[in-house]
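Reader: I'd like a close look at one part of this model, with enough of the surroundings to place it. Here it is.

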Amino acid sequence: MIRKPARTATGKAIRFLALPLLAAGFIAGAAAQPERQPRSLPKPVRTYAELERETGLSKPAALAYGRMAVDVGARDWPTTVSFRCHAAGGHVVSNLAPPPATRVFDNGYYVGDADVSSWAIKTTEGIILIDALTTEQDARRFIVEGLRSQGLDPADIRYILITHEHGDHYGGATYLKKLSGAHIAMSETAWRALEKQQPSATSPVPARDVTVADGERVTLGDTGITVVHTPGHTPGTISFILPVHADGQMHMAALWGGNGFPAKVEDRRTFLSSIDHFADYTGRAAVDVELSIHGDTDDLIARLEQRRRGGKANPFLVGREAYLRYEEIYRLCSRARMAERGD
Ligand SMILES: [Zn+2]
C-alpha cells in the first residue's frame with residue numbers, strides 16, 4: 001500500500017527544481033548507464049596531509065571545505081571523506097570478493113554484490129527489496145540465492161524499490177518481478193527516463209509500474225518505508241528512510257539513493273539541495289543507521305564481514321551523532337569538489 005505524502009510543504013522545493021530536472025532527464029535518458037571509473041578503493045583520510053594526497057584537492061577554498069570534512073569524519077568515516085572528497089572521484093569498481101548474503105538486522109538482509117547493494121527488508125506480509133542489481137544473472141546469484149540461504153523465499157518479494165534509473169540498480173528487476181509478482185516502484189522522473197532508454201539485453205528496462213512521490217510511504221504489513229526525492233546523481237533518484245530492528249530494538253536507517261557526484265554544475269547544485277531535503281527527513285526520523293547503495297562510500301564490505309563474525313556490537317548501528325557526521329561529510333565534500341572546479 002502506498003500512502004500519499006503527509007506534508008505538502010516539501011512539494012515546493014521539488015516543483016522549484018522540476019524544470020531543470022526534466023531538461024536534464026532527456027540527457028540522462030540518452031546515456032543512462034552508470035559511469036564507472038576504475039581506481040583503487042579509497043584509502044582512509046584522517047589528516048589534512050592525507051586529504052591532499054588521497055583526494056587531489058588543491059585549491060585553497062576546496063581544501064578549506066575538505067579540512068572541515070576531515071574534522072568531522074576522521075574518527076568515524078575516514079573512507080567516506082576519502083571517497084566523497086576525491087576531486088575526480090566516481091564509482092569505484094571494487095576488486096573485493098562478493099560478500100555472502102548477510103543478516104544485518106532482525107528484519108534486514110544484504111543481498112548485493114561487492115559493487116552494488118541490494119537490501120531486503122522482511123515484513124509481516126512479505127519482502128521489500130531495495131534495488132535489483134545489474135543483470136538477471138546477478139539477481140539470481142545474489143538476491144534469489146542469497147534470500148534462500150537466509151531461509152527466505154524470493155517469491156515473497158512484494159515491492160522492488162529502485163533508487164534510480166541506472167542499469168546497475170534496475171537490471172535484475174524484470175526477472176524478479178516475473179519470479180515473485182512484485183511491484184516495481186520508482187520516481188516518475190526515473191520512469192520517464194527509462195521510457196527513452198534503448199532496450200538492453202544486459203540490464204532489461206522494466207515495464208512501467210508503480211510511481212512513488214516525494215514523502216510517500218510504501219507500507220507492507222508492519223513496515224513503512226518513506227520515499228524522499230533526492231535528484232542530483234540522476235534526475236529521478238530517490239532515497240529511503242526505513243525502520244530496522246536489532247535485538248528487538250527499533251532503529252531508523254537512511255539509504256541515500258544516488259552516490260556519484262554529477263558532472264554538470266546545475267546537477268551538482270541539485271545534489272546539494274537534495275542533501276538538505278533528505279536531512280529534513282532524517283532529522284525528523286532521528287536516523288541512527290546509515291545504509292548505502294555502493295559500498296565504496298562507507299566501508300560496507302568490511303562492516304558486513306564484521307557483522308558475519310558476530311559479536312555484540314553491530315557496526316551498522318552507528319548512532320545519531322555519527323549519522324549526522326556522515327551526512328555533513330556529503331555536504332562538505334560536495335562543496336569541496338565544487339570549489340575545486342570553480343563551480
Ligand atoms: Zn547511478
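At what angle do α3 and α11 pack, and how far apart are their axes? Please start there and work outwards.

Author: Happy to, and keep in mind that this is a predicted model. The angle between α3 and α11 is about 165°, and their axes are 7 Å apart. Angles over 145 degrees count as roughly antiparallel, so α3 and α11 are roughly antiparallel to each other. Their crossing is left-handed.

As for who meets whom, the α3 side of the contact includes Ala-61, Ala-62, Tyr-65, Gly-66, Met-68, Ala-69, Val-72 and Gly-73. Facing them from α11 are Arg-325, Glu-328, Ile-329, Leu-332, Cys-333, Arg-335, Ala-336, Ala-339 and Glu-340. Ala-69 is worth remembering, as it is among the residues with the most contacts inside the largest nonpolar core, along with Leu-129, Ile-160 and Ile-162. That core has 84 residues, and its largest share, 7 residues, is supplied by helix α11, which spans residues 320–341.

α3 (residues 60–73) has another helix partner in α2 (residues 48–55). Here the packing angle is about 120° and the axes are 10 Å apart, so α2 and α3 are oblique to each other. This time the crossing is right-handed. Tyr-48, Leu-51 and Thr-55 come from α2, and they meet Gly-66, Arg-67 and Val-70 of α3. Gly-66 turns up again here: in α3 it is listed both for the contact with α2 and for the one with α11.

Now follow the core to Leu-129 and Ile-160, two more of its best-connected members. These two are bridge partners, with Ile-160 sitting in β6. The strands involved are β5 (residues 126–130) and β6 (residues 157–161), which run parallel and are joined by 4 bridges. Leaving out residues up to four places away in sequence, Ile-160 touches Leu-129, Ala-132, Ala-173, Leu-176, Lys-177, Ala-182, Ile-184 and Ala-185.

Zoom out and β5 and β6 belong to an open sheet of 7 strands, in the order β2-β3-β4-β5-β6-β7-β8, with mixed pairing. The edges are β2 (102–103) and β8 (210–211); each has a single partner strand, so one side of each is left without a neighbour in the sheet. Helix α7 (residues 173–180) packs on this sheet, where it touches β6 and β7 (183–186), and its direction makes about 165° with that of β6. Some of the Ile-160 contacts fit that picture, among them Ala-173, Leu-176 and Lys-177.

A couple of loops around the sheet deserve a glance. Leu-133 lies in the loop between β5 and α5 (136–149), and has a positive phi of about 65° despite not being a glycine. Most residues other than glycine have a negative phi. Leu-133 counts as buried because it has 30 C-beta neighbours inside 10 Å. Pro-98 sits in the loop between α4 (78–84) and β2. With 16 other C-beta atoms within 10 Å, Pro-98 is partly exposed. Not counting residues up to four places away in sequence, Pro-98 touches Asp-113, Ala-114 and Phe-142. Its C-alpha atom is separated by 9.7 Å from that of Val-116, 18 residues apart along the chain.

Further along comes strand β11 (residues 238–246), which is mostly covered, 7 of its 9 residues being buried. β11 runs antiparallel to β10 (residues 223–229), with 4 bridges joining them, and Val-227 has Phe-240 of β11 as its bridge partner. β11 is also antiparallel to β12 (residues 249–255), this time with 7 bridges; there, Leu-242 stands opposite Ala-253. β11 and β12 make a hairpin with 2 residues between them, and Asp-247 in the turn has a positive phi of about 50°.

Asp-299 is another non-glycine residue with a positive phi, near 55°. You'll find Asp-299 in the loop between β13 (289–291) and α10 (300–309), and it counts as buried because 22 other C-beta atoms lie within 10 Å.

To set all this in the whole chain: there are 11 helices and 13 strands, and 53% of the 343 residues count as buried. Among contacts between residues at least 6 apart in sequence, 74% join residues at least 24 apart. The pair you asked about, α3 (residues 60–73) and α11 (residues 320–341), is one place to see such contacts, for example in the list that includes Ala-69 and Leu-332.

Methods
Residues numbered from 1 in each chain as written. Predicted model: local features only at pLDDT ≥ 70, side-chain atom pairs only at ≥ 80, totals over all residues. Core = buried A, V, L, I, M, F, W, Y, C linked by C-beta atoms within 7 Å. Buried ≥ 20, exposed ≤ 12 C-beta atoms within 10 Å, placed from the backbone. Contact = placed C-beta atoms within 7 Å. Pairing = 2+ DSSP bridges. Axes fitted to C-alpha atoms, helices over the stretch in contact; angles between N-to-C directions. Parallel < 35°, antiparallel > 145°, perpendicular 65-115°, else oblique. Left-handed = near helix turned anticlockwise from the far one by under 90°.
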